[in-house]
Amino acid sequence: MYRYDSYDQAMVDARVEEFRDQCRRRLEGKLTEDQFKPLRLMNGLYLQLHAYMLRVAVPYGTLGGDQMRALADIAEKYDRGYGHFTTRQNIQYNWIKLEDAGDILADLASVEMHAIQTSGNCIRNISSDHFAGAAADELVDPRPYAELLRQWSSFHPEFAYLPRKFKIAVIASTTDRAAMKLHDIGIRIVERDGEQGGELGAQFYVGGGMGRTPMIAPCINEFVPLDRLITYAEACLRVYNRHGRRDNKYKARIKILVHELGAEEYTRQVDAEYAHMLDQGVEPPFAELERIRTFFADPEFRAADEASASNEPAKTASEPAFQRWVRRNTNPHKAPGYVSAVISLKPVGGIPGDATAEQMRLMADLAERYGFDELRVMHTQNIVLPHVHQSDLPAVWRALDGAGLSTPNLDQIGDIIACPGLDYCSLANARSIPVAQKISERFEASGKGEALGELKLKISGCINACGHHHAGHIGILGVDRKGVENYQLSLGGSEAEDTALAKITGPGFSEEGIVDAVETAADVYLRERTEGERFLDTYRRIGMTPFKEALYG
Amino acid sequence: MRILTGNDLKTGAVTWWTGSDWSLRVEDAVDVTGNEDEIALREEAARRVNVPYAIDAELDAGSARPAHIKDRVRALGPTVRLDLSLKPTDPDIGKWVI
């Protein structure tokens, strides 16, 4: 993984001292809240429902054991013993004191982390495929390109005051595990004309997003040469910076600009800007990309048939619970004998994405012992050990199982994305977490979870859609109905390569009613499905009508 | 009734105006109808509170209960982590919020 050079470290250290001084001046009354607010937001510090909340960036979801351990220490020393992994591969702490903020940032900087660009109208933390560098189906590791974009966008003065926040995702496989087309810019690394072994380039999708106006990004350029990646991205941003609306925050995202101009006209303007910029030296030297690539070289994988060095008894491998976890929570790896193992932060009845300091330390230990010291944060609020030798899986599972981290529910109905909702978020209109808890408990009790197979359920507590409800096979949106929580149900969304926006079924439900409604929709699927169909496939085949009849008939 | 709330500047903790000071307990909040702007301006200027604002509330067993669920969650703490709330040992506190 990437490690800071002296420039990176100096930038982050300087920012820590700058913000420490700003906090001091705020506490001394030399800055008003109006003056201080934009400064704290530039450092990821929000004022939330109960306290200050700090959002820490995890670039493209990749972190090492030392970093995970530092996150655990922060949870314990400055917060209340836990952290919340978010739907943008970051982590946030809910109970931060302003007087501790400088020390926390210093602790983060000591392990090459920060909270910069996790808020405000700038280019936010770049996200990527959580199986990057490991997945059997990827063309190349997308993270060097994500890192190049991170370096380009960090403190870029031209993009510090965009019309609105700006999110970029980078992937390099046909399977989309990063909701790429639902970003402001989605980039897929591809081979020219799809020819195997052909020149690599970047496919650009621009103008996607969720929120109150969900849109799927159109492809505006099928192939940008990799030695022009930054120039083209900058051209996209420049057109947005020039024409994006600043008079109405609800119409300020790039998706609105692309929609109103039309993809064709937006592309024409980007191409004109790109042509203008080509000889201006915007692109970093290609050698820099090559330098970055060296940080993402494969680790020294062991032979496929090599035995584990752990002391885990051989009989563990025959335990049904272990076998179910391997079936459900591991992903094919590019190296023979290896898999990527998903650590579930979705225990039945638990809070999606929450992890205690002890759990974080265990994950760090396992990464160091069995996973080449690497971890990934998934946007679905789980954690990945990307490189685990299959012979080590029993020992990994045993340790996870002892810590409540082995729920075998990846991509099943219990693997729910849920935003913090009204329990923590000042923007929320309704609680998300209790609904997630009740649904996971309901389906565990009924035993239907396994039978349902892949069923991605996503819950947002407001129209900002941090819980990705537009992209759920089943989506739930919490709304405020005259001071009472109410929940809209939607069906048919997807954030994968078959990206689709879910459609609302009809009138909303109470907190208890929405749990029944989800079960009703699941039962329609179980009744109507044909061999091999997922929930989403059945919905697409039979349409909304049978579901509406069952829900409201 | 109208009650005044804000956050403690140093800790960010939710606080309520008691008539003479700021308290972590919403039960201590007093009616400030008509005076909310004046108190808010004065207290914020003195850095005794951060971003104060007034909300609607009703009297419930003799003490203030915020009218809106968001303010009740804010007063208590997360309903999904009652162990972190201001009343971790009260088994019925969830009903007060909802």
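## Chain B at a glance

Chain B contains three helices and five strands. Followed along the sequence, these elements come in the pattern β-β-β-α-β-β-α-α. Please keep in mind as you read that this is a predicted model.

How does the radius of gyration of chain B relate to the globule rule? The radius is 13 Å, close to the 13 Å that the rule gives for 98 residues, so chain B is as compact as a globular protein of that length. Along the principal axes, the C-alpha atoms of chain B fill a box of roughly 40 × 30 × 20 Å. Buried residues make up 35% of the 98 in this chain. If we take the contacts in chain B with a separation of 6 or more, 45% of them come from residues 24 or more positions apart.

## Where chain B meets chain A

The two chains touch through 20 residues of chain B and 23 residues of chain A. On the chain B side, β4 (50-60) and α2 (69-76) each supply at least two residues. The most comes from α2(B), with four residues. By character, the chain B side of the contact divides into nine nonpolar, seven polar and four charged residues.

## The domains of chain A

Turning to the partner, chain A is divided into four stretches: domain 1 (6-109), domain 2 (142-294), domain 3 (314-402) and domain 4 (417-552). Domain 1 and domain 4 of chain A have C-alpha centres that lie 33 Å apart. These two domains are in contact, with six residues taken from domain 1 of chain A and nine residues from domain 4 of chain A. What kinds of residue does domain 1 of chain A bring to the side that touches domain 4 of chain A? That side divides into one nonpolar, five polar and no charged residues.

## A five-stranded sheet and its helices

Chain A has an open sheet of five strands, in the order β1-β2-β5-β4-β13, with antiparallel pairing. At its edges are β1 (45-47) and β13 (354-356) of chain A, each of which pairs on one side only. Neighbouring strands of the sheet are turned by 30° against each other on average, direction ignored.

It is worth looking at the edge formed by β13(A). Strand β4 (residues 82-85) of chain A is joined to β13(A) by three bridges, and the two run antiparallel. Within this pairing, A:H84 has A:D354 of β13(A) as its bridge partner.

Two helices lie across strands of this sheet. Helix α3 (residues 65-78) of chain A lies across β4 and β5 (91-96) of chain A, and runs at about 15° to β5(A). Helix α11 (residues 357-370) of chain A lies across β4 and β13 of chain A, and its angle to β13(A) is about 85°.

## A covered helix

Helix α5 (residues 143-153) of chain A makes a good last stop. How many of its residues are buried? The helix is mostly covered, with eleven of its eleven residues buried. Among them are A:R143, A:E147 and A:R150, as well as A:Y145, A:L148, A:L149 and A:W152.

The buried residues of α5(A) pack against strands β3 (62-64), β6 (127-128), β7 (168-171) and β8 (185-191) of chain A, and also against helices α6 (229-243) and α9 (286-294) of chain A. Just after α5(A), A:F155 takes a positive phi of about 60°.

Key
Residues are numbered from 1 along each chain as its sequence is written. Chains are lettered from A and ligands numbered from 1 in the order in which they are written. This is a predicted model: local features need pLDDT of at least 70, side-chain atom pairs count only at pLDDT 80 or more; totals for chains, interfaces and linings use all residues. Two residues are in contact if their C-beta atoms, placed from the backbone, lie within 7 Å. Ala, Val, Leu, Ile, Met, Phe, Trp, Tyr, Cys and Pro count as nonpolar, Asp, Glu, Lys and Arg as charged, and the others, Gly among them, as polar. Domain bounds come from an automatic or database domain assignment. Two strands pair if DSSP finds at least two bridges between them. Axes are lines fitted to C-alpha atoms, for helices over the stretch in contact, and angles run from 0 to 180 degrees between N-to-C directions. The radius of gyration is taken over C-alpha atoms; the globule rule is 2.2 Å times the number of residues to the power 0.38. A residue is buried if 20 or more other C-beta atoms lie within 10 Å of its own, exposed if 12 or fewer, and partly exposed in between; C-beta atoms are placed from the backbone.
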